[in-house]
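Thanks, everyone, for making time this morning. I would like to walk through one model with you, beginning with the overall picture and then turning to a few individual residues.

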Amino acid sequence: IREELDPKDWPNLPTLILEYRDGAIQQEKLEKGAVLRAEEKHKEEMRRLEDERKREEVRHEEERKENERRLENERQQRVPHEMEKQTLIEKLKDQFQQDFLNAYNFYQTQCATHLSFGEYEAEKNNYVRFWGEGYLDRKKPPDPEQVAAIGAVEGHIQVVARAGSGKTLTLVNRALFLQQHCGVSPDEMLLLAFNSKVAEEM
């Protein structure tokens with residue numbers, strides 16, 4: 001130590017030792033303080049993240065409950081609408097049974113707000129297909145397009161199809177449907193053909 005010290009500092013060695021020790025202690029305190037502050041900052045950050053996670057969970061839970069309430073409200077609003085729609089479908093089926101020729105007017109005045117035209121057409125075609133099972137040739141049941149042609153009683157229609165596709169049979173089935181179900185008299189119908197063979201077939 002003597003070699004390291006200035007000769008005039010040697011007499012002050014005890015004081016120097018104390019000052020060095022106090023400086024080391026002070027440095028240690030500073031380092032511990034820094035460590036404690038870093039730990040506290042880390043804990044605070046962890047608490048903030050945990051609080052944020054909890055707030056996010058609460059927000060997600062509130063959103064989930066709100067979505068459930070909204071879906072339930074929509075379901076409750078839909079149930080009466082669906083029930084009314086089903087009631088109208090049943091009335092429409094009765095209309096097909098009782099007065100097929102005026103079913104479209106009934107649809108427009110009573111059902112159009114709850115049933116689309118496509119839904120009306122589907123119900124009508126289902127009825128015609130069901131009717132055909134009891135009255136038409138079961139060996140040659142009409143396909144969906146032929147069913148639509150048989151049941152088309154609103155305005156004029158034109159059926160365009162290739163030769164041998166069943167146009168004549170569809171025309172005959174339409175005449176049968178109009179006579180037997182819709183009550184149209186045979187003398188109110190005129191069926192024309194381009195040759196005698198088809199006329200005999202009809």
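I will take the whole chain to begin with, and then three positions within it.

Please keep in mind throughout that what you see is a predicted model. In terms of secondary structure, the protein has 6 helices and 0 strands, and reading along the sequence therefore gives the pattern α-α-α-α-α-α. The radius of gyration is 46 Å, whereas the globule rule gives 17 Å for 202 residues, a value that the protein is well over, so the protein is more spread out than a compact globule. If we take the principal axes, the C-alpha atoms fill a box of roughly 145 × 40 × 30 Å.

How much of the protein is buried? Of the 202 residues, buried ones make up 21%. The exposed surface comes to about 15,900 Å², with 53% of it supplied by carbon and sulfur atoms. As for contacts, if we consider those with a separation of 6 or more, 49% of them are accounted for by residues 24 or more positions apart. The protein carries 32 positive and 41 negative charges, and the mean positions of these two sets are 2 Å apart.

Let me now turn to helix α3, which covers residues 117–135 and contains E123. What is the nearest side chain of opposite charge to E123? That side chain belongs to K93, at 4.3 Å, and E123, although buried, has no salt bridge. The cut-off matters here, because a salt bridge requires a side-chain nitrogen of Lys or Arg within 4 Å of a carboxyl oxygen of Asp or Glu. Setting aside residues up to four places away in sequence, E123 touches I89, L92, K93 and F96, so K93 does count as a contact under the 4.5 Å limit on heavy atoms.

The second position is E145, in helix α4, which runs over residues 144–151. With a relative accessible area of 67%, E145 is exposed. The C-alpha atoms of E145 and E68 are separated by 43 Å, and these two residues lie 77 residues apart along the chain.

Finally, there is T170, in helix α5, residues 167–180. Is T170 buried or exposed? Its relative accessibility is 7%, so T170 counts as buried. Leaving out neighbours within four places in sequence, T170 is in contact with Q146, A149 and I150.

Methods:
Residues numbered from 1 in each chain as written. Predicted model: local features only at pLDDT ≥ 70, side-chain atom pairs only at ≥ 80, totals over all residues. Heavy atoms only, no water. Helix = DSSP H or I, 4+ residues; strand = E, 2+ residues; numbered from the N terminus. Buried < 20%, exposed > 50% of the residue type's maximum accessible area, 1.4 Å probe, protein only. Lys, Arg positive; Asp, Glu negative; His and termini not counted. Rg over C-alpha atoms; globule rule 2.2 N^0.38 Å. Areas by Shrake-Rupley, 256 points an atom, 1.4 Å probe, with all protein chains shown as cover. Charge placed at Lys NZ, Arg CZ, Asp CG, Glu CD.
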